[in-house]
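Here is a set of questions and answers for a first-year student, in which each label is set against its definition. Please keep the model open while you read.

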Amino acid sequence: MAASVPSSCDCFIALPPATERKEVIFGKNSDRPRDEVQEVVYFPAAEHAKGSKVECTYIEIEQVEKTHAVILSRPAWLWGAEMGANEHSICIGNEAVWTKEPISEKEALLGMDLVRLGLERGSTAKEALDVLTSLVEQYGQGGNCKESLEAFSYHNTFLIVDRREAWVLETSGRYWAAQQITEGAKNISNQLTITTEINMEHPDLRNYAQSQGWWNGEGEFNFSQVFSPTNPPVRMEAAKARYSGGQELLRKQEGSIKAETIMDILRNKESGICMDSEAFCTMGSMVSILPQDDDLPCVHFFTATPDPSRSVFKPFIFIDDVTPVPMVISPYYGDEDPVKRQPRFQSRPDRRHELYKAHQQAKATMESGQEQGVKLHQTMQNLERQGLHAIKNMLTNGGSFDPEEMADLFFDCVDTEIKFYK
């Protein structure tokens, strides 16, 4: 286990012709404090009274009249999400980033709140992008990004994806730039990647950069060059190696990328993409298949457990009646939650869900090097392969499936995994 590897996250997107089939593949590792629990939660579509409010992690904002159904992988203590998908085939993941703009100490929207808000309110990637940029401009970003008295805050970058395209959104306070991606493969890793190819931007972005003395107004405007910090934190410097490693792993598979490809990349420890340090670890992972044929369902795989190299990716499909999966939902503490009470973070309740507890015991067995651990790991791999094979058959056979079977798909996979561990 590396002692000096800093916090990180990595997002990946592949569109035709980089993919094996006519589908878009999305993936993300959520690298968080290693004692934090990540849950996978489903929220159905809902209608809301006009003029009502929604309480995010720290602040209330105006609610919209209708929110979409979403599946989220999130740190169990907060309202938003690290990554997720909605019923309209949208996926979003976020990354921490630091810029020349100072981090606001004032509580506002977290980047993770913005992920959920974009999914609940957008029916295309472009709509979700517009939701995020308008909220960033209106409410700003700020607040502690981990469940601790120790302050840890950042700006955010986002990868926003649908069946046709992807958008990279990079922010600096209330300012932002966005780049559209319609083909090929791309990854983002805790740094600004948008240079001169800017498809949308905050209307005052360049004027603001000039007013701060970061740009002289001459020549081509390079967002990354203008807004990246002069003396970046260590975690941003370390991200350069992961970013390059991710690019290379994508390049080697270009033209044949599929869900398994991204799963393998998320499990890659040599590059640092699969994080395992004293303080931070990959606490949850997600991979999505978004077929470009609208008649085929999208499939979203979640681990709901730390370390994808020792976890099972389990499939979820949006249908009308989704079976709740309490085994991956953390205990709920309501208004008594130390996150909600002032002053915040005075204590930390037990947020472990049933799968997390079972997986932690199994992970120790797998890492022991004993025969029992090797067999358990092989069993997990077989379980995942069976799920992938079933999904591939469904998608290649016209996407027909029994809605009743799909209602229990994620539940059954989680239940089977827990039984294997016991």
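Q: What makes strand 14 and strand 18 the edge strands of the open sheet of 6 strands?
A: The strands of this open sheet, taken as DSSP runs of E with at least two residues and numbered from the N terminus, come in the order 14-1-2-16-17-18 with antiparallel pairing. Two strands count as paired if DSSP finds at least two bridges between them, and strand 14 and strand 18 each pair on one side only, which makes them the edge strands. From one strand to the next the twist averages 15°, where axes are lines fitted to C-alpha atoms, for helices over the stretch in contact, and angles run from 0 to 180 degrees between N-to-C directions.

Q: How do you know that strand 2 and strand 16 pair?
A: Strand 2 (residues 23–33) and strand 16 (residues 280–291) are joined by 11 bridges in the antiparallel sense, and the definition asks for at least two, so they count as a pair. Within this pairing, Pro-33 stands opposite Phe-280 in strand 16. Helix 6 (residues 259–266), a helix being a DSSP run of H or I with at least four residues, packs on the sheet and touches strand 1 (9–15), strand 2, strand 16 and strand 17, with a direction at about 170° to that of strand 16.

A word on the source is useful at this point. This is a predicted model in which local features need pLDDT of at least 70 and side-chain atom pairs count only at pLDDT 80 or more, while totals for chains, interfaces and linings use all residues. Residues are numbered from 1 along each chain as its sequence is written, and side-chain values use heavy atoms, with hydrogens and water left out.

Q: Why is Thr-303 called buried?
A: Buried means under 20% relative accessible area (exposed is over 50%, partly exposed in between, with a 1.4 Å probe and protein chains only), and Thr-303, at 0% relative accessibility, therefore counts as buried. Thr-303 lies in the loop between strand 17 (299–302) and strand 18 (314–316). Leaving aside neighbours within four places in sequence, its contacts (heavy atoms within 4.5 Å) include Gly-284, Ser-285, Val-312 and Leu-355.

Q: What makes the link between the side chains of Ser-189 and Asp-10 a polar contact?
A: A polar contact is a pair of N or O atoms within 3.5 Å, where within protein one must be able to donate a hydrogen and the other to accept it, and residues adjacent in sequence count only if both atoms are side-chain atoms. The side chains of Ser-189 and Asp-10 are joined at 2.5 Å, and that value satisfies the limit of 3.5 Å. Ser-189 is placed in the loop between strand 14 (184–188) and strand 15 (200–201), and at 0% relative accessibility Ser-189 counts as buried. Among the residues that Ser-189 touches, not counting those up to four places away in sequence, are Cys-9, Glu-95 and Tyr-243.

Q: How do you know that Cys-11 and Cys-9 form no disulfide?
A: A disulfide is a pair of cysteine sulfur atoms within 2.5 Å, whereas the sulfur of Cys-11 is 7.1 Å from the closest cysteine sulfur, in Cys-9, which is too far for a bond. A search of the whole structure finds 0 disulfides. Cys-9 counts as buried at 6% relative accessibility, and Cys-11 counts as buried at 0%.

Q: Why is the pair of Trp-98 and Tyr-154 called edge-to-face?
A: Rings of Phe, Tyr and Trp (its six-membered ring) pair if their centres lie within 6.5 Å, and planes under 30 degrees apart count as stacked, over 60 as edge-to-face and the rest as tilted. The structure holds 15 aromatic pairs. In the pair of Trp-98 and Tyr-154 the centres are 5.9 Å apart and the planes are at 70°, so the pair is edge-to-face. Trp-98 and Tyr-154 are 56 residues apart and link distant parts of the chain, and both are buried.

Q: What makes the pair of Trp-215 and Phe-221 edge-to-face?
A: The ring centres of Trp-215 and Phe-221 are 4.9 Å apart and their planes are at 80°, so this pair is edge-to-face. Both Trp-215 and Phe-221 are buried.
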